[in-house]
Every structure is written in structure tokens, then in C-alpha cells.
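Welcome! Here are some short exercises, each with a worked solution, to help you find your way around a new structure. Have a look at the model first, then try each task before reading on.

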Amino acid sequence: MEFAASFALVMPELVLIAAGLVLLLVAAWGGDKAARLIAIAAAAALFAAGLLLVPGLHFGVDGPATLAFGGLIKVDSFALFAKALIYLAAIGALMIAPPFFDGPSAGSERGMRAEYPVLILFAAVGMSIMVSANDFMSLYLGLELNSLSAYVLAAILRRDPRSGEAGLKYFVLGALASGILLYGMSLLYGFTGGTSFTAVRAGLTGEMGYGALFGVIFVLSGLAFKISAVPFHMWTPDVYEGAPTPVTAFFATAPKVAAVALTARVVFEVFGGQVAAWQQIVMFMALASIIFGALGAIGQENLKRLLAYSSINNIGFILLGLAVANADGASAMLVYLFIYVAMSLGSFVALLMLRGEDGALFETFADIRGLSVTQPAIAWALLLFMFSLAGIPPLLGFYSKFVVFQATIEAGLVAFGAIAIAASVIGAFYYIKFVKVMFFDEPAGVVTGKSGAAHWVLLGLTALIVSPLGYLLTPSLTDLADKAAASLFLTV
């Protein structure tokens, strides 16, 4: 009966695993000709898995009944919230992929490869395990399943030097980060005598020795790489620029959600009794990411590299909520994550729509000069996304920053919040540069191609979410985030 209850708790993962294995066989027999059918089936599997999350999201699930497989997995409200965001982002990555791979921007590899949707599915399974991990063994299993899929996705255009370089850099630096994380886990196991989150937390009570402290630092360092927080951000601009744009959109959304959720679970559930040991580290990473992300983006001409630095900048704001070290901060972090996913996905969809007549993609500021004349709908949508990322009211991006700053100030971290607010002004420069180039420069006249229905649907939906109408979602979003955040502190 225990296994039956455990399997019931992980039913979304079982759906994705079954779909992934079946579609892998379809890809082997059908080849790339079946890629679109496989993508549709993969999106349907993700949607079905998402529907299984709805009852738990609505009513909230916590307590011992959420533990599966002897405590290796914990399917609480926090995990369900993160999984819902991951599945939505993965569906978006599947929807926007076919037009890219069918166009000349894919180089000599015309057509989407059948492996692409399967890799997205297995990455989603890995991320689901990550956010539900209740033991360092299951944590590492999920992390590596996601990472191995991501390395292949980054290099999926084998004859494109940029894609190959992105995949290689991601693999080498990712392996280094995994080694750092694994070493930190081994230190914690050695000094606490267990790998489960409960055992490690119990072993860290009282005064912490230097060995255990080093374990905490190494674990946080490994996780910081996964969320691309400063000073472990070096891979992000190169991988974002070199990877195929649909893959970059995926990297900027779903894995970010999973890594942030995993980091939050570790610091609150494992290191929650030693806040002084990790809070200053997270505060440094938050401020450094905000400042470096803003300054690094200023001189960029490639739009994908700019959005990479924007991602680093936004991770800093998300870490503000983590640094607060209470339920209000965790809730604000989750609200920010939802809005960030919408803003990032919309921004990359808009980049994919910057096409020429022959389907070639454009991704520099020089290419979008005067875009408001040639493609006004895309220009206005980009304006919405950039102003929302900058946190300019009344767009929903302002609300995401507001709730994080509010939690920071209410927790008494006034100086910390003031520095973050001042640093956020820097980022407004390069976001406003988009508007200046698109609306006030002479038209370049190169973005003249037509985009598919899937791109327009996603662009419209994400633009609607970040617009002032998105505030209609905030009561439900806040309620879900509060339930999810509260489940992290049941053991505190």
C-alpha cells in the first residue's frame, strides 16, 4: 500500500516518463519526419501532467501524506506550484520550436529533430524530481537528469559552431558545478550522518563546525551555478547566445524555476536552523547579481546576450525574497517567478518573430531599428516586456519587484532593500534602449517575415499577463504562493 500511495503522489512524473519512453520509440522508428507529431504529443503529456496538479494546488497539500518512497520525495504545495510553472514553460518551448528549426536560421539542419521534444520531456521529469526532492540522493538524481538533457539541447544543432560551443561550455562548467555540489553533499553527510533533509537538518542543530559550514557553502555554490547567480554566472551569456533560440527560451524559464525552487527548499528545510550561516551568502549573491546583471547588459548589442544578463539581474531580485528567510519572502519569490516566466517567454517569442522574408532570424539592435514602422505589433509587445522587466508601473513586472521589496523592508533589511532598489535603476537604461531603437531610429527594414500562429498566440497571451490586466491574476497568484511558501516552513 505504501508503494501505491507513493506512485499516486508521483503520477505526473509517471505520465511524463511513460510519454517520453513511448515517444522515444516513435522518434527511433519515425525519424525526424515525426518530429511535429512528437512535439504535439509531448505538449499533450505535459498538459495532462499539469492537470493532475490542479486539485493539490487548489486545496493545498502538506504534512506526512506528501512523502513518497520512504521520504525520498515530498509532493507538497510548494512542489506543485513549481511543477505547474515548469510544465507551462516546457509547453511554451515546444510550441515555438518548429518554425525556428524549419527556417534557414537552423543552418543546414532543416526541420526539427525528433529528439527535441523527448529531451524536453525528460528534462521536465528531472526538474519535477528536483523540486520534490527530500533527500540529497533524489536531489542529485533529478538535477543530473535535467542537466544531461539540457547539455544535448544546447548543442542540438550539430553543424552550427555556436550551438556546439554553447553545449560544450555548458557541459564543462555544469560538470564542475555538479562536482562542487556533490562535494558539499558529501561533507554534510560526513558531519551529520545522513542524506535525508530531515537528518541533515537535525545534524546541523547547535553550533556548526567549520567542516559542516564548508559543506553548506559548497552546496550553495553548486546551486548558484544552476540559477546563474553571480559569481557563478559566467556560462549564461555564451550559452544563451549560442544555443538555438527556442532552447534559450526554455533555459531562461523552466530550469530557472526548478533551480530556484530547489535552492529555496534546501536553504529553508535543510539549513533553516542555521540562517546566519547562509543568509549573508544569499544576500551577497542577490546584490551582486542585480548590479552585475545590470552593468553587464549595458554594452551588449546581441539581444540574446542582453536577455542573458537580464536573467542574471532578475535572479538577483528573486534571491532577495530568499534572503529574507521567512514565509513572506518565499511567497514574494514565487510570485516573482511566475511573472518572470511570462516576461522571459514573451521576450524570446518576440525575438523568434524577428524574421526576414526568407525566414532568417535577426537578433541585434541594428536589426530592430525602426521596428515600430515595419512590425508595430512586435515592437509594442517588446515594449511591454522590456518595461515590465524594468519594473515600470503599471505593468505586472512592477508588482513582482514591489512584493519582493516589501518583504525585504518588512523583515528589517532596510539597507539591503535600499541598495537593491537603487541598483534596479541601472537596469532601466538598457530596457529603455529597446524603445529608443525601435521607435525613434530610422527603420532598418529587415524584419519583414511572417510568423506562425503559435508565436502570435504565445506573444498575445504573455503580453496580456504582463499588462495591467495581469493584476486580475494577483489575488489567486498570491493565494497559491502563500500556500506553497507556508509548506516550506512546516518543519521550522
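**Exercise 1. The largest pocket**

Find which helix gives the most to the lining of the largest pocket, then describe the pocket around that helix.

Solution. Please keep in mind from the start that this is a predicted model.

- Step 1: Begin with the main contributor. Helix 5 provides eight residues, the most of any element in the lining of the largest pocket.
- Step 2: Add the other helices. Besides helix 5 (77-95), the elements giving two or more residues are helix 3 (35-51), helix 4 (54-59), helix 17 (327-352), helix 22 (453-466) and helix 23 (474-488).
- Step 3: Look toward the middle. The lining has 29 residues, and those nearest the centre of the pocket are Ala84, Leu85, Leu88, Phe338 and Ile465.
- Step 4: Note the space. The largest pocket holds about 840 Å³.

**Exercise 2. Closed spaces**

Work out how many cavities of 30 Å³ or more the whole structure has, and say what lines the largest one.

Solution.

- Step 1: Count. The search of the whole structure turns up five cavities of 30 Å³ or more.
- Step 2: Take the largest cavity, whose volume is about 100 Å³.
- Step 3: Go round its wall. Among the lining residues are Met130, Tyr170, Lys226, Trp235 and Phe251.
- Step 4: Place the wall in the fold. Helix 8 (136-154) and helix 14 are the elements that give two or more residues to this lining.

**Exercise 3. Two partners for one glutamate**

Which parts of the chain does the salt bridge between Glu241 and Arg305 tie together? Compare this pair with the one that Glu241 forms with Arg162.

Solution.

- Step 1: Start with Arg305. The side chains of Glu241 and Arg305 form a salt bridge with an N to O distance of 2.9 Å. Because Glu241 is in helix 12 and Arg305 is in helix 16 (residues 303-324), this pair joins parts that lie 64 residues apart in sequence.
- Step 2: Turn to Arg162. Its salt bridge with Glu241 has the closest N and O atoms 3.9 Å apart. This pair also links distant parts of the chain: Glu241 belongs to helix 12 (residues 236-242) and Arg162 to helix 9 (residues 161-192), with their positions 79 residues apart.
- Step 3: Check how covered the arginines are. Buried means under 20% relative accessible area, so Arg305, at 17%, counts as buried. Arg162 has a value of 36% and is partly exposed.
- Step 4: Widen the view. Arg162, Glu241 and Arg305 are part of a salt-bridge network that also includes Glu165, Lys169, Asp238 and Glu363. The total for the structure is 14 salt bridges.

**Exercise 4. A pair within one helix**

Is Arg265, which forms a salt bridge with Glu269, buried or exposed?

Solution.

- Step 1: Describe the bridge. The closest N and O atoms of Arg265 and Glu269 are 3.0 Å apart.
- Step 2: Locate the two residues. Both are in helix 14 (residues 254-270), four residues apart, which is about one turn of the helix.
- Step 3: Read the accessibility. Arg265 has a relative accessible area of 0% and is buried. Glu269, at 5%, is buried as well.

**Exercise 5. Unusual backbone geometry**

Where does Ser228, with its positive phi, lie, and what is the peptide bond from Val230 to Pro231 like?

Solution.

- Step 1: Recall the usual case. Most residues other than glycine have a negative phi, and most peptide bonds are trans.
- Step 2: Examine Ser228. Its phi is positive, about 55 degrees, although Ser228 is not a glycine. Ser228 sits in the loop between helix 11 and helix 12 and is buried, with 0% relative accessible area.
- Step 3: Move along to Pro231. The bond from Val230 to Pro231 is cis, with omega near 10 degrees, and Pro231 lies in the loop between helix 11 (210-226) and helix 12.
- Step 4: Look for further cases. The bond from Pro393 to Pro394 is cis too, with omega near 5 degrees; Pro394 is in the loop between helix 19 (376-390) and helix 20 (396-410). Phe69 has a positive phi near 55 degrees and lies in the loop between strand 1 (67-68) and strand 2 (73-74).

Key
Residues numbered from 1 in each chain as written. Predicted model: local features only at pLDDT ≥ 70, side-chain atom pairs only at ≥ 80, totals over all residues. Heavy atoms only, no water. Salt bridge = Lys/Arg side-chain N within 4 Å of Asp/Glu carboxyl O. Buried < 20%, exposed > 50% of the residue type's maximum accessible area, 1.4 Å probe, protein only. 1 Å grid on protein atoms, 1.4 Å probe; cavity = no way out; pocket = protein on both sides within 12 Å on 5 of 7 lines; lining within 4 Å. Points joined across faces, edges and corners; volume = space filled by probe spheres on them.
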